[in-house]
Amino acid sequence: CPSSPKHTSTPSEKCGVLNVTKITENGKKVRKNWTSSWTVLQGSSLLFAKGQGGSTSWFGGNQSKPEFTVDLRGGAVDWASKDKSSKKHVIELKTRQGTELLIQSEIDSVINDWYRALTETINTHAWE
Ligand code: I3S
């Protein structure tokens with residue numbers, strides 16, 4: 001992550017571009033709206049900023065504001081079933097607050113790394 005070069009090896013700090021859509025908000029189904037989003041995992045929070053905005057894009061900078069933040073504590077992550085999306089490599093993320101997101105990347109290794117990082121984060125912060 002550009003703003004934290006010293007912390008790039010920390011598993012709880014990760015960022016990159018992913019395709020994201022909400023499918024449920026506060027327990028209510030919402031219409032899918034897939035967007036390419038600059039995504040940052042920071043501690044137990046997952047932050048999304050709309051649009052890629054170039055590689056220097058960062059929430060603290062001028063280019064992008066955090067569009068959406070998800071609290072991972074008490075959440076659940078799993079591979080999405082086929083009926084959730086026709087896309088491949090889709091992660092389903094459920095929050096304790098009743099928001100469900102789909103997270104996708106065309107790149108195998110990228111989505112596998114995110115799956116690992118999200119699972120790790122949820123397990124680490126499960127009892128907070
Ligand atoms: O689960 P759905 O309804 O088949 O999801 C698709 C739709 O949301 C579609 O948008 P509109 O129905 O607003 O045109 C999206 O373009 C598709 O990407 C959605 O399906 P996938 O399988 O790509 O998640």
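On a 1 Å grid over the protein atoms alone, a pocket is an open set of points where a 1.4 Å probe fits, with protein on both sides within 12 Å along at least five of seven lines, and its lining residues have an atom within 4 Å of a point. Grid points are joined across faces, edges and corners, and a volume is the space filled by probe spheres set on the points. The structure is a predicted model, in which local features need pLDDT of at least 70 and side-chain atom pairs count only at pLDDT 80 or more, while totals for chains, interfaces and linings use all residues. Residues are numbered from 1 along each chain as its sequence is written, and side-chain values use heavy atoms, with hydrogens and water left out.

The overall layout is a good place to start. The protein chain contains one helix and eight strands, where helices (H or I, at least four residues) and strands (E, at least two) are DSSP runs numbered from the N terminus. Read from the N terminus, the order is β-β-β-β-β-β-β-β-α. Of the 128 residues in the protein chain, 39% are buried; here buried means under 20% relative accessible area, exposed means over 50%, and partly exposed lies in between, with a 1.4 Å probe and protein chains only.

With the layout in hand, the pockets can be described. The largest pocket holds about 260 Å³ of space. Its lining is made up of Val20, Thr21, Lys22, Asn33, Thr35, Ser37, Phe48, Lys50, Glu67, Phe68 and Leu101. Two or more of these residues come from each of β1 (13-25), β3 (35-42) and β4 (45-50), and β1 gives the most, with three residues. By class, the lining of the largest pocket has four nonpolar, four polar and three charged residues. In this scheme Ala, Val, Leu, Ile, Met, Phe, Trp, Tyr, Cys and Pro count as nonpolar, Asp, Glu, Lys and Arg as charged, and the others, Gly among them, as polar.

The second largest pocket has a volume of about 160 Å³. Around it stand Trp79, Ala80, Ser81, Lys82, Ser85, Lys87, Lys88, His89, Val90, Asp108, Ile111 and Asn112 as lining residues. Helix α1 (residues 108-124) supplies the largest share of this lining, three residues. The lining of the second largest pocket divides into four nonpolar, four polar and four charged residues.

Attention now turns to the ligand. Its surroundings consist of Arg31, Lys32, Trp34, Ser85, Ser86 and Lys87, each with a heavy atom within 4 Å of the ligand. Ser85 and Lys87 are among the residues around the ligand, and both also appear in the lining of the second largest pocket. The shell around the ligand comprises one nonpolar, two polar and three charged residues. Polar contacts, meaning pairs of N or O atoms within 3.5 Å, link ligand oxygen atoms to three of these neighbours. An oxygen atom of the ligand lies 2.9 Å from a side-chain N or O atom of Trp34, and for the side chain of Ser85 the corresponding distance is 2.8 Å. At Ser86 the partner is a polar backbone atom, 2.6 Å from a ligand oxygen. Taken alone, the ligand exposes 500 Å², and the protein buries 47% of that, with accessible areas from the Shrake-Rupley method and a 1.4 Å probe.

Two backbone positions deserve a look. Most residues other than glycine have a negative phi. Asn26 is not a glycine, yet has a positive phi of about 50 degrees. Asn26 sits in the loop between β1 and β2 (28-29) and is exposed, with a relative accessible area of 62%. His89, also not a glycine, has a positive phi of about 60 degrees. The place of His89 is the loop between β6 (76-79) and β7 (90-94), and at 19% relative accessibility His89 counts as buried.

Some pairs of residues that are separated along the chain complete the picture. Leu46, in strand β4, is buried at 0% relative accessibility; the C-alpha atoms of Leu46 and Glu13 are 9.8 Å apart, with their positions 33 residues apart in the chain numbering. Gly27 lies in the loop between β1 and β2 and is exposed at 58% relative accessibility. From Gly27 to Arg96 the C-alpha distance is 9.9 Å, and these residues are 69 residues apart in sequence. Val70, in strand β5 (residues 68-71), is buried at 2% relative accessibility. Val70 and Gln42 are 28 residues apart in sequence, with their C-alpha atoms 10 Å apart in space.

Terms used:
A polar contact is a pair of N or O atoms within 3.5 Å; within protein, one must be able to donate a hydrogen and the other to accept it, and residues adjacent in sequence count only if both atoms are side-chain atoms.
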